Amino acid sequence: MPMSPSSSAQAAREAVAARLRHLRKTAGLTVADLGRQCGWNGAKTSRIENAVTAPSVRDIRAWCQATGAVDQAEGLVAQSLNAEAMYTEWRQHMRNGLKELQQVTGRLFTESKLFRVYSSTLVPGLLQTMGYAAGILRISAATQGLEVDDSPAAAQARIERTRILYEQGRRFLFLVEEGALYYQLGEADAMAAQLGHLLTVGALPGVSLGVIPTATKERHQWPRETFHVYDDKLVSVELVTARIRIKQPSEIAQYVNVFGQLRSMAVYGADARALIVKAIDALA
């Protein structure tokens, strides 16, 4: 079972902190001793060792100099930078607007051949219609308090990248929880159009669309955070405050395993279409 993304990122930070703590203790230095040699107070040493504060590149090099472990400095710098890169605030992603975010994300798609997408709350982005996408992105803009709401342009950018579904040589495995078919994130007409689109796009040659029924008994996995697996190289998970990108092979393997377990609970073909039609009927 994979960690939550935030836990995974924090674990990476804590691994760096543990290595630094080990170097200090091996050198026989107290927290105060290390601080004096590095030119800062003991409180900063404690914050770094407890993964409360991320060390800078300069901090790590000074730490390794003080503990006689200069040969380990560059390795620790790389490990620390990787840990911090795992957790990127949405504000940083969105500084140029939602449209820019859609275009940057879209470039990742062009490099992948196998897409595994699981969503417990939304229709996946590659399966969205304009009205549905605009509703979601409008909520995102409001949630993040963006000064400029460019959600209509962002929705258009999102729809444009769905052309990849029609390209040969790619395979798309989509899984949605049945509940995601009922969360109305726009006007009823937009929601009906979105559900109707699922009936069409789910029949494309390279697309497999599975729906996990709410009434599933003896679930192998409970509903998880929405995640995307690109080939077997990257997992992307979206949280309220951040996007997590996981590149560790062992963690990617865990997500692929969980995806397989979730997929085993889904229904496909006529059974999946029946659940979608049921959700359309519920709009009335």
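Author: Accessible area here comes from the Shrake-Rupley method with a 1.4 Å probe. The model is predicted. By that method the chain exposes about 14200 Å². Carbon and sulfur atoms supply 53% of this area.

Reader: What share of the chain's residues is buried?

Author: The share is 46% of the 284 residues. To count as buried, a residue must have under 20% relative accessible area.

Reader: How many helices and strands does the chain have?

Author: There are 12 helices and 7 strands.

Reader: What makes Phe115 and Tyr230 an edge-to-face pair?

Author: Take the distance, then the angle. Ring centres must lie within 6.5 Å to pair, and here they are 6.0 Å apart. Planes over 60 degrees apart count as edge-to-face. These planes stand at 80°, so the pair is edge-to-face.

Reader: Where in the chain do the two partners, Phe115 and Tyr230, lie?

Author: Phe115 is in strand β2 and Tyr230 is in strand β5. They are 115 residues apart, so the pair links distant parts of the chain. Both Phe115 and Tyr230 are buried. They also belong to a cluster, linked by ring pairs, with Phe172 and Phe174.

Reader: Why is the pair of Phe227 and Tyr255 called edge-to-face?

Author: Its centres are 4.9 Å apart, and the limit is 6.5 Å. Its planes make 65°, and the class needs over 60. Both tests are passed, so the name fits. Phe227 sits in strand β5 and Tyr255 in helix α11, so the pair ties together parts 28 residues apart in sequence. Both residues, Phe227 and Tyr255, are buried.

Reader: How do you know that the length of helix α5 agrees with what is expected?

Author: Helix α5 has 13 residues. The rule is 1.5 Å times one less than the number of residues. That gives an expected span of 18 Å, and the end C-alpha atoms are 18 Å apart, so the two agree.

Reader: Which residues of α5 are buried?

Author: They are Ala73, Leu76, Val77, Ser80 and Ala83. Their arc around the axis is only 130°, which puts them on the same side of α5.

Reader: What are the buried residues of helix α2?

Author: Leu34, Gly35 and Cys38 are the buried ones. Down the axis of α2 they fall within an arc of 100°, so they line one face of the helix. The face turned away from that buried side carries Arg36 and Gln37, which are exposed.

Reader: What follows α2?

Author: Gly39 does, and its phi is positive, near 85°.

Technical notes:
Residues are numbered from 1 along each chain as its sequence is written. This is a predicted model: local features need pLDDT of at least 70, side-chain atom pairs count only at pLDDT 80 or more; totals for chains, interfaces and linings use all residues. Side-chain values use heavy atoms; hydrogens and water are left out. Rings of Phe, Tyr and Trp (its six-membered ring) pair if their centres lie within 6.5 Å; planes under 30 degrees apart count as stacked, over 60 as edge-to-face and the rest as tilted. Helices (H or I, at least four residues) and strands (E, at least two) are DSSP runs, numbered from the N terminus. Buried means under 20% relative accessible area, exposed over 50%, partly exposed in between (1.4 Å probe, protein chains only). The arc is that of the directions from the helix axis to the C-beta atoms.
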